[in-house]
Amino acid sequence: MALAGLVLSLAACGGGSSGGSNGSSSAGGTPAVPDAGMSAAAQVGEKIFKDVSLSASGKMSCATCHDADNAHAPKNDLAVQLGGPNLDVPGTRAVPSLRYLELNPAFFFAADGTPTGGFTRDGKANTLAQQAETPFLAAHEMANKDRADVVAKLQRASYVNEFKTAFGATVFDNADTAFERILFSLQQYQKEDSDFHPYDSKYDQFLAGRAKLSDAELRGLALFNNPVKGNCAACHASSKGANGAPPLFTDFTFDNLGVPRNTDIPATADPAYFDFGLCGPDRTDLATRSDLCGAFKVPTLRNVATRKVFFHNGKFKSLRDAVNFYVRRDTNPEEWFPLGADGNVIKFNDLPALYVSNVNVKEVPYNRQRGMAAALSSDEVDDVVKFLATLNDGYKP
């Protein structure tokens, strides 16, 4: 499933968390100007999204890690972000962009057994609301003690009366009910605010006949679609849907790409630590499905050229390196993986030997062998990267 990991784990307020504030308004800050087109729940959801007072540190909000100026992704190039009461607790996965999640389906197994859908990198949440809970409570993110702790903080917020107006004067009579309304508000904000899904990239304009792609971008598109070259469209469809809807550049499935271990993640200092995606450790309901270990969700490639790190573990810091990994992983493994004491390359070193057989080695471009020509030349990689940049939001001719 080519190019199946460029945008990383999907989470409502973070897949890890970053330290410090990005200038988002706190409970006592200047309130944002509401979007008249959004519901009352969505408008209060925007304030929750930007409220740093809802964290144990008092310095972190959803917007801290999901900066609107960087396609709702982190501005820095840390592999994992820092959270916790003192903003010094590292996460274990790279933080994703929150763009283009409004049509993401709940997790299911397709008729052929293919795991599909769900939110977050391992698909464990079934709605935008469900995926928002973890960041509030995770020790490496906003680090609240429990649901009631979050609700108590919101009751001290300057917009508490707006929350009551949206959900009723008695909403705080039950902490669980109030917390569920917090999650619902965040969901509605992300669904209703077009900033999360503007569909205004150069490629969108090209599909609408209002923009032209350069020669290099057109070559990149052809390579992206070509099933014997990039084969990216196998999982990241680039054509309009049957109803004329713009492409999402994901099929919502999962893939195991054998991404190299990233020692920038503190958890990897323990040689026994592994992130298996679908089969754990964050997700537990599929722990016995060893055939799924190492598989992570195929993300949208929209805004991928704005990202600072790539793949679920943030191993790569340039889009060109990420694309190169896809096409040279098997032809030139020494470029990506360490050497053993015997001088041989230790491929797929972020998986124990038991699960190495799960790595995708059948589909183009992963079906190459060492010494063969890569599926894309250096110039062709450049063209694909140029095409991917046409997927950035906010194109202005």
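User: Why is Asp383 called buried or exposed in this predicted model?

Analyst: Buried means under 20% relative accessible area, exposed over 50%, partly exposed in between (1.4 Å probe, protein chains only). Asp383 has 8% relative accessibility, so Asp383 counts as buried.

User: What makes Arg219 and Asp383 a salt bridge?

Analyst: The term needs a side-chain nitrogen of Lys or Arg within 4 Å of a carboxyl oxygen of Asp or Glu. Here N to O is 2.8 Å. The pair links distant parts of the chain: Arg219 sits in helix α9 (residues 215–225) and Asp383 in helix α11 (residues 378–388), 164 residues apart. Helices here are DSSP runs (H or I, at least four residues), numbered from the N terminus.

User: What does Arg219 count as, by accessibility?

Analyst: Partly exposed, because its relative accessibility is 44%.

User: How do you know that Asp204 and Arg302 form a salt bridge, and are they buried or exposed?

Analyst: Their closest N and O atoms are 2.8 Å apart. Asp204 has a relative accessible area of 8%, so Asp204 is buried. Arg302, at 2%, is buried as well.

User: Why is Arg329 called buried or exposed?

Analyst: Arg329 has 0% relative accessibility, so Arg329 counts as buried. Arg329 also meets Asp330 in a salt bridge (2.9 Å, N to O).

User: What do these values rest on?

Analyst: The model is predicted: local features need pLDDT of at least 70, side-chain atom pairs count only at pLDDT 80 or more, and totals for chains, interfaces and linings use all residues. Residues are numbered from 1 along each chain as its sequence is written, and side-chain values use heavy atoms, leaving out hydrogens and water.

How values were computed: Helices (H or I, at least four residues) and strands (E, at least two) are DSSP runs, numbered from the N terminus.
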